[in-house]
Amino acid sequence: QVRLVESGGGLVQAGDSLRLSCAASGRTFSSYAMGWFRQAPGKEREFVAYMSSGGYTNYADSVKGRFTISRDSARDTAYLQMNSLKPEDTAVYFCAAGSSGTTPRSYQYWGQGTQVTVSS
């Protein structure tokens, strides 16, 4: 079992930055790919970014060049640095651990989510 806890969400203005953290506990963190997804009200959960256990990264087109995923295996923590935030980035952000992929079904473990709200 892997337990994931997100933090770092909040209310910001368009153009601001936020860094989300995802602290993992349980089984070996470094053996899993880490993904970030988000879900806005009334919409399906959508892929944001992932980093494989080997360090390969992939981003959704909507966040490419603005968001950066990273991980610190010494701290069992993954991060999502979000720059140049836009109102359309408003959503609950979830971190997940599992196999590399851009769909939720690729991930076995999920955090509870953290709200990000970007005002215009």
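Exposed means a relative accessible area over 50%, buried means under 20%, and partly exposed is in between. Keep these cut-offs handy for the exercises below, which use a predicted model.

**Exercise 1.** Classify Arg-75 as buried or exposed, and find its salt-bridge partner.

*Solution.* Start with the area: Arg-75 has a relative accessible area of 59%, so it counts as exposed. Next, look for a carboxylate: Asp-72 forms a salt bridge with Arg-75, and their closest N and O atoms are 2.9 Å apart.

**Exercise 2.** Work out which residues pair with Arg-38, and which parts of the chain the pair with Asp-89 ties together.

*Solution.* Begin with Glu-46, whose salt bridge with Arg-38 has its closest N and O atoms 2.6 Å apart. Glu-46 is partly exposed at 36%, while Arg-38 is buried at 5% relative accessibility. Then take Asp-89, which also forms a salt bridge with Arg-38, here with 2.9 Å between the closest N and O atoms. Asp-89 sits in the loop between β8 and β9 and Arg-38 in strand β4 (residues 33-39), so this pair joins parts 51 residues apart in sequence. Both Asp-89 and Arg-38 are buried. Finally, widen the view: Arg-38, Glu-46, Arg-66 and Asp-89 are linked in a network of salt bridges.

**Exercise 3.** Locate Asp-76 and Ser-84, and check the sign of phi for each.

*Solution.* Asp-76 is in the loop between β7 (67-72) and β8 (77-82). Although not a glycine, Asp-76 has a positive phi of about 50 degrees, and its relative accessible area of 29% makes it partly exposed. Ser-84 belongs to the loop between β8 and β9 (91-98). Ser-84, not a glycine either, has a positive phi of about 50 degrees and is partly exposed at 41%.

Definitions and conventions:
Residues numbered from 1 in each chain as written. Predicted model: local features only at pLDDT ≥ 70, side-chain atom pairs only at ≥ 80, totals over all residues. Heavy atoms only, no water. Helix = DSSP H or I, 4+ residues; strand = E, 2+ residues; numbered from the N terminus. Buried < 20%, exposed > 50% of the residue type's maximum accessible area, 1.4 Å probe, protein only. Salt bridge = Lys/Arg side-chain N within 4 Å of Asp/Glu carboxyl O.
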